[in-house]
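Consider the sequence and model below, and follow the two ligand shells first, then a few helices and one strand residue.

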Amino acid sequence: MSSTTEADAESVLRLVTPSLDLKRHKGQAGKIAVIGGCREYTGAPYFAAISALKIVSSFGADLSHVFCTKDAAPVIKSYSPELIVHPVLEESYTVSHFSEEEKRQVQERVVGEVDKWMERFDCLVIGPGLGRDPFLLECVSKIMLLAKKFSVPFVVDGDGLFLVTNSIDLVNSYPLAVLTPNVNEYKRLVQRVLNCEVDEENAEDQLRSLASQIGGVTILRKGKSDLISNGEIVKSVSIYGSPRRCGGQGDILSGSVAVFLSWSQQLISGHESLSENPAILGCIAASGLLRKATSLAFTKHKRSTLTSDIIECLGESLEDICPAS
Ligand SMILES: NC(=O)C1=CN([C@@H]2O[C@H](COP(=O)(O)OP(=O)(O)OC[C@H]3O[C@@H](n4cnc5c(N)ncnc54)[C@H](OP(=O)(O)O)[C@@H]3O)[C@@H](O)[C@H]2O)[C@@H](O)CC1
Ligand SMILES: Nc1ncnc2c1ncn2[C@@H]1O[C@H](COP(=O)(O)OP(=O)(O)OP(=O)(O)O)[C@@H](O)[C@H]1O
Ligand SMILES: [Mg+2]
């Protein structure tokens with residue numbers, strides 16, 4: 001039987017958000033990297049990375065990186081000089097005239113570029129605006145293996161979910177993986193892993209089975225209520241957001257989950273008495289904050305609310321819940 005409980009997202013936000021500390025230095029409140037951005041999509045990785053940066057920088061210390069293709073990099077840099085952008089990913093068209101051996105060397109170089117930084121990251125966001133190019137996705141599979149080797153948590157979203165749905169072993173039984181599917185991405189995951197269709201009548205039980213079947217990864221199923229499960233418990237976040245859906249809201253969420261997951265991990269590793277699951281706490285906090293910010297942005301901008309307006313409201317919404325002083 002289903003036993004979902006509505007999470008107290010504001011209490012979780014207050015629990016996991018670190019207090020402002022003037023002694024912190026740059027990068028100490030979190031170093032996040034987004035793997036995404038290709039010829040078609042530059043908005044999604046920007047939204048994820050800048051959201052992460054806005055949240056961590058509200059605590060005085062910050063770093064947010066983007067690893068994308070060469071075409072996407074100047075565009076993303078031009079949106080914000082604050083992001084650290086690495087133009088390292090390659091798509092099939094750039095290697096189409098290469099031999100198999102040369103292609104292997106390109107992949108090795110791409111993975112090597114990420115490897116140099118991997119140990120410094122608190123969390124990755126894999127997938128916003130990644131596209132579905134097979135050569136690029138093969139490199140990203142190797143980046144996921146590398147993250148697992150260093151026990152770096154990762155949030156898989158957008159086209160990262162397309163990759164993972166077709167190669168579930170990439171995340172299977174990795175407790176530091178969080179999947180954030182939207183309605184289409186969830187449908188594909190259920191079909192592939194559970195071999196059936198989405199069952200709205202038993203949504204919580206089905207989500208729990210899905211997470212359990214993937215070895216206890218955490219899944220945040222986005223929708224009217226966000227449902228979160230690690231295969232054992234199911235939590236929901238239903239705070240009112242807004243009636244407006246704009247492309248990019250999910251990207252804000254994936255960047256935010258990365259920050260709150262790393263903060264939750266830090267908190268729990270310093271307090272043996274806390275038995276909560278950091279991935280679940282990270283999802284609850286991120287979902288709660290996004291919904292608050294969406295509601296505030298809608299109050300200000302009504303029907304013309306855009307993703308960038310919601311991002312502008314992240315700081316104020318967090319401040320309302322966890323005042324800096
Ligand atoms: N401003 C930006 O830069 C933003 C960019 N964004 C980025 O867009 C990417 C896709 O994300 P999304 O949310 O549109 O995907 P989703 O709901 O699964 O699919 C919707 C429909 O489209 C189709 N389809 C998708 N890709 C396809 C492909 N390559 N080739 C063919 N079909 C494809 C898909 O078909 P199906 O998978 O069902 O076959 C379904 O019918 C992802 O990287 C995301 O991060 C967003 O974050 C928003 C802001
Ligand atoms: N019907 C809904 N009612 C209220 N909130 C919703 C609804 N659907 C989605 N949301 C919220 O909007 C946020 C983004 O979810 P959405 O399903 O739009 O993601 P997405 O399709 O991946 O977005 P993106 O355009 O960034 O790829 C989530 O926090 C989710 O809770
Ligand atoms: Mg999305």
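The paragraphs that follow go through the ligand surroundings, two helix topics and a single buried position.

The model is predicted. Ligand 1 is surrounded by 17 residues, and the closest of them are G43, A44, G158, N184 and G247. Three elements give two or more residues each to this shell: α2 (43-57), α8 (183-194) and α10 (249-269). Sorted by class, the shell around ligand 1 holds nine polar residues, four nonpolar ones and four charged ones.

Ligand 2 has 16 residues around it, with N182, K222, G247, Q249 and G250 the closest. Here the elements that supply two or more residues are α10 and α11 (278-301). The largest share, four residues, is from α10. The class division for ligand 2 is nine polar, five charged and two nonpolar. G247 is listed among the closest residues to ligand 1 and also among the closest to ligand 2. Helix α10 likewise gives two or more residues to the shell around ligand 1 and to that around ligand 2.

Helix α8, one of the contributors to the shell around ligand 1, can also be placed against another helix. Its axis and that of α9 (residues 203-213) come within 10 Å of each other and cross at roughly 60°. The pair is therefore classed as oblique, because angles of 65 to 115 degrees would be needed for roughly perpendicular and angles under 35 degrees for roughly parallel. The crossing of α8 and α9 is left-handed.

Helix α6 allows a simple check of length. It covers residues 134-149, which is 16 residues, and at 1.5 Å a residue the expected span is 22 Å. The expected span uses one less than the number of residues. The C-alpha atoms at the ends of α6 are 23 Å apart, so the model agrees with the expectation. Buried residues in α6 are F135, L136, L137, C139, V140, I143, M144 and A147. Just after this helix, S151 takes a positive phi of about 55°.

The last position is in a strand. I228 lies in β9, which runs over residues 226-229. Is I228 buried or exposed? The cut-off for buried is 20 or more other C-beta atoms within 10 Å. I228 has 30 such atoms within that distance, so I228 is buried. I228 can also be related to T218: the two are ten residues apart in sequence, and their C-alpha atoms are 7.1 Å apart in space.

How values were computed. Residues numbered from 1 in each chain as written. Chains lettered and ligands numbered in written order. Predicted model: local features only at pLDDT ≥ 70, side-chain atom pairs only at ≥ 80, totals over all residues. Near = placed C-beta within 6 Å. Nonpolar A, V, L, I, M, F, W, Y, C, P; charged D, E, K, R; others polar. Buried ≥ 20, exposed ≤ 12 C-beta atoms within 10 Å, placed from the backbone. Axes fitted to C-alpha atoms, helices over the stretch in contact; angles between N-to-C directions. Parallel < 35°, antiparallel > 145°, perpendicular 65-115°, else oblique. Left-handed = near helix turned anticlockwise from the far one by under 90°.
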